[in-house]
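Here is a friendly walk through one protein chain, written for someone who would rather look at side chains than at statistics. Please keep the structure open while you read.

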Amino acid sequence: MLQLIGLKSDKDTRKAERYLKERRIPFQFVDLSERSLSPKEWSSIFSSVKEKEDILDKNSQYWKKNGYDYREFEIEEEVKEHIELLKKPILRNGQKAHVGWSEEWLKGEM
């Protein structure tokens with residue numbers, strides 16, 4: 001089953017949720033403000049991106065406010081601790097995942 005991972009307050013997450021509902025595509029919504037992801041979920045997300053930096057939302061207020069442009073940090077650990085750094089939504093289907101909203105990725109998976 002398709003998993004939609006994000007925050008209810010995020011515009012792109014709401015867009016993805018609306019898209020899935022309109023097309024009657026069954027999905028499970030995981031609100032990151034209510035629960036954290038399991039190690040297996042994190043593993044599938046990290047293994048699905050070409051570069052680990054692809055999961056970072058470098059345009060977010062949190063990124064800018066906390067000076068991440070000038071920091072050295074371990075991406076996986078930092079994202080797990082601060083979900084504000086994560087591009088949302090994440091679309092996950094089994095071991096495959098896509099970070100950020102992508103209608104094209106969904107069409108290829110369905």
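The report below goes from the first strand to the aromatic rings and then to the charged side chains.

Please bear in mind that this is a predicted model.

**The first strand and its neighbours**

A good place to begin is strand β1, which covers residues 2-6. Five of its five residues are buried, so the strand is mostly covered by the definition of buried as under 20% relative accessible area. Its side chains go two ways: Leu2, Leu4 and Gly6 point one way, while Gln3 and Ile5 point the other way, and all are buried.

Which strands does β1 pair with, and in what sense? With strand β2 (residues 27-31) the pairing is parallel and runs over five bridges. With strand β3 (residues 90-93) the pairing is antiparallel, over four bridges. If you would like single residues to look for, Gly6 has Asp31 as its bridge partner in β2, and Ile5 stands opposite Ile90 in β3. Between the two parallel strands the chain passes through helix α1, and β1, α1 and β2 together make a right-handed β-α-β unit.

**Aromatic rings**

The structure holds six aromatic pairs. One of them brings together Tyr19 and Trp101, with ring centres 5.2 Å apart and planes at 70°, so this pair is edge-to-face. It links distant parts of the chain, as the two residues are 82 residues apart. Tyr19 belongs to helix α1 (residues 11-22), whereas Trp101 lies in the loop between β4 (96-99) and α5 (103-109). Is Tyr19 buried or exposed? Tyr19 is buried, with a relative accessible area of 9%.

Elsewhere, Tyr62, Trp63, Tyr68 and Phe73 form one aromatic cluster. A charged residue joins the picture at Tyr68: Arg71 lies over the face of this ring, at 4.4 Å from the ring centre. A second contact of this kind involves Lys8, whose charged end sits over the ring of Phe29, 4.8 Å from its centre.

**Salt bridges**

The count comes to seven salt bridges, and three of them are set out here.

| Salt bridge | N to O distance | Accessibility of the Arg | Accessibility of the Glu |
|---|---|---|---|
| Arg23 and Glu22 | 3.4 Å | Arg23: 42%, partly exposed | Glu22: 56%, exposed |
| Arg35 and Glu41 | 3.2 Å | Arg35: 36%, partly exposed | Glu41: 7%, buried |
| Arg71 and Glu78 | 4.0 Å | Arg71: 39%, partly exposed | Glu78: 14%, buried |

The settings are worth a look. Arg23 counts as partly exposed because its relative accessibility is 42%, and its partner Glu22 is exposed at 56%. In the bridge between Arg35 and Glu41, the arginine is partly exposed at 36%, but Glu41 counts as buried at 7%. Arg71 takes part in two contacts: it lies over the face of Tyr68, and its side chain meets that of Glu78 in a salt bridge of 4.0 Å. Glu78 is buried, with a relative accessible area of 14%.

Salt bridges can also share partners, and in this way Lys8, Glu17 and Lys21 are joined into one network. Lys8 therefore appears twice in this report by the salt-bridge and charge-over-ring definitions: as a member of that network, and over the ring of Phe29.

Methods:
Residues numbered from 1 in each chain as written. Predicted model: local features only at pLDDT ≥ 70, side-chain atom pairs only at ≥ 80, totals over all residues. Heavy atoms only, no water. Buried < 20%, exposed > 50% of the residue type's maximum accessible area, 1.4 Å probe, protein only. Phe/Tyr/Trp six-rings, centres within 6.5 Å; stacked < 30°, edge-to-face > 60°. Lys NZ or Arg CZ within 6 Å of the ring centre and 35° of its normal. Pairing = 2+ DSSP bridges. Right-handed = clockwise from strand over helix to strand, strands pointing away.
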